[in-house]
Number of protein chains: 2
Amino acid sequence: MTASASSRLSIEDWTERALALVMDEGVGAIKINRLCKELGVTKGSFYWHFADLDALLEAIAERWCAETRTLLGSLSALDDLPPLERIRAMALRLIDGPSFSVERALREWARSDAKVAAMIVESDQFVFELVQAALVDLGHTPEGARMRAGLLVYAGIGFAHGQNSLPQPTADDIEDLVAFLAGEAAR
Amino acid sequence: MTASASSRLSIEDWTERALALVMDEGVGAIKINRLCKELGVTKGSFYWHFADLDALLEAIAERWCAETRTLLGSLSALDDLPPLERIRAMALRLIDGPSFSVERALREWARSDAKVAAMIVESDQFVFELVQAALVDLGHTPEGARMRAGLLVYAGIGFAHGQNSLPQPTADDIEDLVAFLAGEAAR
DNA sequence: ATAACTCCATACCTTAGGGTATGGTGACGG
DNA sequence: CCGTCACCATACCCTAAGGTATGGAGTTAT
């Protein structure tokens with residue numbers, strides 16, 4: 001459906017569908033037969049494109065890593081914004097509800113795929129350093145900025161993994177949070 | 001080995017071993033044959049004690065919930081400590097490395113077991129309210145305390161799920177963190 | 001002592017899912 | 001027009017794992 005209109009499938013058709021599956025049902029949901037059914041083919045097709053399941057997993061890991069890397073690159077555009085805006089943008093990104101299941105799926109995946117794990121580390125690092133730099137721009141010491149940025153990033157990760165245990169923060173709450181983290185700058 | 005010396009097994013022997021398995025390998029690692037081998041029996045024994053796998057899962061969920069509830073009860077002893085000590089205790093608890101895999105296993109488990117999920121929510125809530133109360137005792141407004149406590153608890157959850165993406169905080173870092181969260185009390 | 005009950009072993013069934021072998025069909029170059 | 005190759009269908013095998021049926025051995029009560 002989302003794939004190309006051609007009756008023949010390409011590698012990209014497979015990785016695209018498989019990636020979508022990983023995102024909203026986890027890597028454990030990838031079954032060859034199921035994928036085939038969703039793509040309207042049978043296993044004969046799959047094993048022509050890929051040697052085995054691991055080959056498919058590796059392919060979609062590669063693809064996801066590439067996509068994520070370009071996404072991080074595009075995020076560098078935030079550098080032009082004022083520091084507080086940068087922090088706010090990251091905080092809002094961390095609170096984005098629909099992406100929670102994706103976040104969980106990715107970290108679960110990372111536990112069985114080194115490439116994915118490395119990419120996630122890189123991604124976390126990226127956000128962390130972005131926030132830290134913004135805090136330094138606001139006049140914080142590197143150490144103070146480090147602690148605050150770490151707190152925000154880890155809270156973001158935790159937010160995706162907590163099962164709505166605590167009341168969900170509103171937009172106003174985020175404002176308070178950003179103000180708190182950015183506060184008492186020149187101490 | 002850890003079970004009773006008797007040659008016959010009890011329900012507790014099964015739930016104990018299974019719970020240990022869940023903790024350090026996740027709920028997905030529970031296989032009937034494997035459990036039997038570890039306990040030195042065969043499936044005939046398992047299916048005498050339990051109707052099926054779900055019955056076993058339910059039993060260990062029940063057991064874990066009970067154990068966790070008493071653990072939370074014992075944690076109420078912290079109420080006598082000064083507020084800052086209470087927060088510090090919770091912060092250190094959240095950073096406890098060896099329990100990370102347990103934390104992950106539990107939340108994964110919670111996604112397929114409502115009882116476990118509810119217990120985790122209760123547990124998170126407990127820690128959250130404890131920290132929040134301590135912050136209020138320090139002179140914070142309920143709203144300020146709420147935000148700070150939420151930040152700490154979520155960061156703790158995230159810390160267990162991040163794959164060492166960011167540099168691990170030292171004991172000194174925790175001190176700074178607690179001081180930061182508790183800081184600027186009477187504003 | 002023996003009947004009854006508890007706990008467990010053995011053998012077997014069934015399903016899901018990864019993987020393989022082989023043949024067929026459409027498109028395209030020669 | 002025909003062969004070749006890319007792509008796929010069909011049929012099959014193998015293993016892991018949950019589940020069942022049945023019988024046997026140890027224990028306990030009467």
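This is a guided tour of a predicted model, going from one chain to its helix packing, then to the contacts between chains and to the two DNA strands.

**Chain A as a whole**

Begin by selecting chain A and colouring it by secondary structure: the chain has 9 helices and 0 strands, and reading along its sequence gives the pattern α-α-α-α-α-α-α-α-α. If you orient the view along the principal axes, the C-alpha atoms of chain A fill a box of roughly 65 × 30 × 30 Å.

**H6 and H7 within chain A**

Next, select residues 100–110 of chain A, which form helix H6, together with residues 114–137 of chain A, which form helix H7. Two packed helices are described by the angle between their axes and the distance between the axes. Here the angle is about 130° and the axes lie 8 Å apart; that makes H6(A) oblique to H7(A), and their crossing is left-handed. Showing side chains brings up the residues that meet: A:Leu106, A:Arg107, A:Trp109 and A:Ala110 on H6(A), against A:Val116, A:Ala117, A:Ile120 and A:Asp124 on H7(A). By class, this contact of H6(A) with H7(A) holds 6 nonpolar and 2 charged residues, with no polar ones.

**H8 against H8, between the chains**

Now keep chain A visible, add chain B, and select H8 in each, residues 142–161 of chain A and residues 142–161 of chain B. H8(A) and H8(B) pack at an angle of about 80°, with their axes 6 Å apart, which makes H8(A) roughly perpendicular to H8(B). From H8(A), the contact is made by A:Leu151, A:Tyr154, A:Ala155, A:Ile157, A:Gly158, A:Phe159 and A:His161, and from H8(B) by B:Leu151, B:Tyr154, B:Ala155, B:Ile157, B:Gly158, B:Phe159 and B:His161. How many charged residues does the contact of H8(A) with H8(B) have? There are no charged residues in it, the classes being 10 nonpolar and 4 polar.

**H9 of chain A against H8 of chain B**

Leave H8(B) selected and add helix H9 of chain A, residues 171–182, which packs against H8(B) at an angle of about 80° with the axes 10 Å apart. H9(A) and H8(B) are therefore roughly perpendicular to each other. The residues to display are A:Asp173, A:Asp176, A:Leu177, A:Phe180 and A:Leu181 in H9(A), which meet B:Arg146, B:Met147, B:Arg148 and B:Leu151 in H8(B). In the contact of H9(A) with H8(B), the residues divide into 5 nonpolar and 4 charged, with no polar residue among them. B:Leu151 deserves a label at this stop, since this residue takes part in the contact with H9(A) and also in the contact with H8(A).

**DNA strand C**

Move to DNA strand C and select the protein around it, which comprises 17 residues, with A:Lys43, B:Arg8, B:Leu9, B:Thr42 and B:Trp48 coming nearest. Sugar and phosphate make up 61% of the atoms of DNA strand C that come within 4 Å of the protein. Which helices should be highlighted here, as each supplying at least two residues of the surface near DNA strand C? They are H3 of chain A and H3 of chain B, each covering residues 43–49, and the largest share, 4 residues, comes from H3(B). By class, this surface has 7 nonpolar, 6 polar and 4 charged residues.

Three polar approaches to phosphate oxygens of DNA strand C can be checked with a distance tool:

- a side-chain N or O atom of A:Lys31, at 3.3 Å;
- a polar backbone atom of B:Leu9, at 2.6 Å;
- a side-chain N or O atom of B:Ser45, at 3.0 Å.

**DNA strand D**

Finally, select DNA strand D, which has 17 residues around it, the nearest being A:Arg8, A:Leu9, A:Thr42, A:Trp48 and B:Lys43. Of the atoms of DNA strand D within 4 Å of the protein, 63% belong to sugar or phosphate, and the rest belong to bases. H3 of chain A and H3 of chain B each supply at least two residues of the surface near DNA strand D, and H3(A) gives the most, with 4 residues. The surface near DNA strand D divides into 7 nonpolar, 6 polar and 4 charged residues.

For phosphate oxygens of DNA strand D, the side-chain atoms to pick out are these:

- an N or O atom of A:Ser45, at 3.0 Å;
- a polar atom of B:Lys31, at 3.2 Å;
- an N or O atom of B:Tyr47, at 3.3 Å.

Key. Residues are numbered from 1 along each chain as its sequence is written. Chains are lettered from A and ligands numbered from 1 in the order in which they are written. This is a predicted model: local features need pLDDT of at least 70, side-chain atom pairs count only at pLDDT 80 or more; totals for chains, interfaces and linings use all residues. Side-chain values use heavy atoms; hydrogens and water are left out. Axes are lines fitted to C-alpha atoms, for helices over the stretch in contact, and angles run from 0 to 180 degrees between N-to-C directions. Angles under 35 degrees count as roughly parallel, over 145 as roughly antiparallel, 65 to 115 as roughly perpendicular and the rest as oblique. A crossing is left-handed if the near helix is turned anticlockwise from the far one by less than a right angle, and right-handed if clockwise. Contact means heavy atoms within 4.5 Å. Ala, Val, Leu, Ile, Met, Phe, Trp, Tyr, Cys and Pro count as nonpolar, Asp, Glu, Lys and Arg as charged, and the others, Gly among them, as polar. A residue is near a molecule or strand if one of its heavy atoms lies within 4 Å of it. A polar contact is a pair of N or O atoms within 3.5 Å; within protein, one must be able to donate a hydrogen and the other to accept it, and residues adjacent in sequence count only if both atoms are side-chain atoms.
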